[in-house]
Amino acid sequence: MVVRGTVAYGGDLPGGLTGWLPIRCISVVEHDGSVTDTAGRVEEERLAILREAGLAAAEVYDGPQEGGGRLTDVQRRVVRAAEEETLVPLAKAGGRLAETFAGALGDEAVALRRIQEQCRDLYGRLEPERALAWALEELGELSQAMRRDESTVRVEEELGQVLVWALCLANITRTDAAHAFAKGFTAERDRQLRKHGAIRPYRREVPSC
């Protein structure tokens with residue numbers, strides 16, 4: 001199993017699924033065999049559980065250790081540093097955002113993944129620096145077209161390039177674009193609900209004639 005960010009690569013999964021899939025829940029198995037499902041916990045609590053489990057797992061590291069099978073201080077610092085890179089995004093992935101993702105896109109998520117695969121087949125995986133430079137160039141051209149109030153056809157052309165390059169960047173970073181979109185969408189929805197108590201999208205005020 002390979003984990004990158006908030007997705008994991010799995011093969012021979014139920015339903016014949018394989019490839020990069022979103023992490024929707026995380027369960028921690030204790031030494032006594034009990035299982036803790038972290039999905040129902042708040043993010044801070046999930047992170048604390050994962051950190052404790054991660055350090056406990058590292059304690060069985062088969063290498064130079066101090067007496068009693070404990071990690072050295074240096075090894076503990078290495079583990080803690082790795083946690084910031086891995087456990088924090090995992091804690092975010094295993095909560096309500098991930099649960100909401102299951103119904104946020106539905107079949108649309110499958111369609112978006114297919115489009116992302118087509119982008120990979122067409123563009124391949126370029127060097128990150130070159131791909132990012134081209135993506136920023138297209139974003140700049142879109143910004144220019146909008147500021148100049150150019151034709152809809154022109155804006156559509158530039159927006160299409162920005163969207164395609166976003167999928168290319170997802171392929172380069174091995175990120176599931178559908179999962180990333182659903183998380184961003186859900187986060188904004190939750191922000192509006194917290195702030196206004198209802199969905200209140202921004203609408204530009206048009207001065208009366």
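# Briefing: a chain of strands and helices

Glu158 counts as buried, because its relative accessibility is 2% and the cut-off for buried is under 20%. This residue lies in helix 6. The model described here is predicted. The protein chain contains 7 helices and 5 strands, and 28% of its 209 residues count as buried.

**The chain as a whole**

- Along the sequence, the elements of the protein chain follow the pattern β-β-β-β-β-α-α-α-α-α-α-α.
- Contacts between residues at least 6 apart in sequence can be sorted by separation, and 54% of them join residues at least 24 apart.
- The protein chain has an accessible surface of about 14200 Å². Carbon and sulfur atoms account for 55% of that surface.

**Around Glu158**

- Leaving aside residues up to four places away in sequence, Glu158 touches Glu138, Glu141 and Leu142.
- Glu158 shares helix 6, which spans residues 152–172, with Trp165. Trp165 is also a buried residue, with a relative accessible area of 6%.

**Aromatic rings**

- The structure contains 3 aromatic pairs.
- One of them joins Trp134 and Trp165 in an edge-to-face arrangement, with 5.6 Å from centre to centre and 65° between the planes. The pair counts as edge-to-face because the angle between the planes is over 60 degrees.
- Trp134 sits in helix 5 (residues 128–147) and Trp165 in helix 6, so this pair links distant parts of the chain, 31 residues apart.
- Trp134 is partly exposed, at a relative accessible area of 36%, whereas Trp165 is buried at 6%.
- Phe181 and Phe185 form a stacked pair, because their ring planes are at 25° and their centres are 6.1 Å apart.
- Both Phe181 and Phe185 belong to helix 7 (residues 177–196), where a spacing of 4 residues separates them by about one helical turn. An α-helix has 3.6 residues a turn, so residues three or four places apart point the same way.
- Phe181 is partly exposed, with a relative accessible area of 45%.
- Tyr123, Trp134 and Trp165 make up one aromatic cluster.

**Nonpolar cores**

- The largest nonpolar core consists of 8 residues: Ile26, Val28, Leu47, Ile49, Leu50, Leu87, Leu90 and Ala91.
- Helix 1 (43–58) and helix 2 each contribute at least two residues to this core.
- A second core, separate from that one, has 6 residues, among them Leu126, Ala131, Trp165 and Cys168. Trp165 therefore belongs both to this second core and to the aromatic cluster with Tyr123 and Trp134, and it is buried.
- Thr86 is in helix 2 (residues 73–93). Thr86 is partly exposed, with a relative accessible area of 40%.
- Between Thr86 and Leu50, the C-alpha to C-alpha distance is 10.0 Å, although the two are 36 residues apart in sequence.

**Helix 4 and its two sides**

- Helix 4 covers residues 107–123, which is 17 residues. From its first C-alpha to its last, helix 4 reaches 24 Å, close to the 24 Å expected at 1.5 Å a residue.
- Ala109, Gln116 and Cys119 are the buried residues named in helix 4. They lie on the same side of the helix, because they cover an arc of only 75° around the axis.
- Asp107, Arg114, Gln118, Asp121 and Leu122 are exposed on the other side of helix 4.
- The cover over the buried residues of helix 4 includes helix 6 and helix 7.

**Positive phi values**

- Gly124, just after helix 4, has a positive phi of about 70°.
- Asp149 has a phi near 55°, a positive value in a residue other than glycine.
- Asp149 is located in the loop between helix 5 and helix 6. This residue is exposed, with a relative accessible area of 67%.
- Arg174 is not a glycine, yet its phi is positive, at about 55°.
- Arg174 belongs to the loop between helix 6 and helix 7. Arg174 counts as partly exposed because its relative accessibility is 33%, which falls between the cut-offs of 20% and 50%.

Methods:
Residues numbered from 1 in each chain as written. Predicted model: local features only at pLDDT ≥ 70, side-chain atom pairs only at ≥ 80, totals over all residues. Heavy atoms only, no water. Buried < 20%, exposed > 50% of the residue type's maximum accessible area, 1.4 Å probe, protein only. Contact = heavy atoms within 4.5 Å. Areas by Shrake-Rupley, 256 points an atom, 1.4 Å probe, with all protein chains shown as cover. Phe/Tyr/Trp six-rings, centres within 6.5 Å; stacked < 30°, edge-to-face > 60°. Core = buried A, V, L, I, M, F, W, Y, C linked by side-chain atoms within 4.5 Å. Expected span 1.5 Å × (residues − 1). Arc of directions from axis to C-beta.
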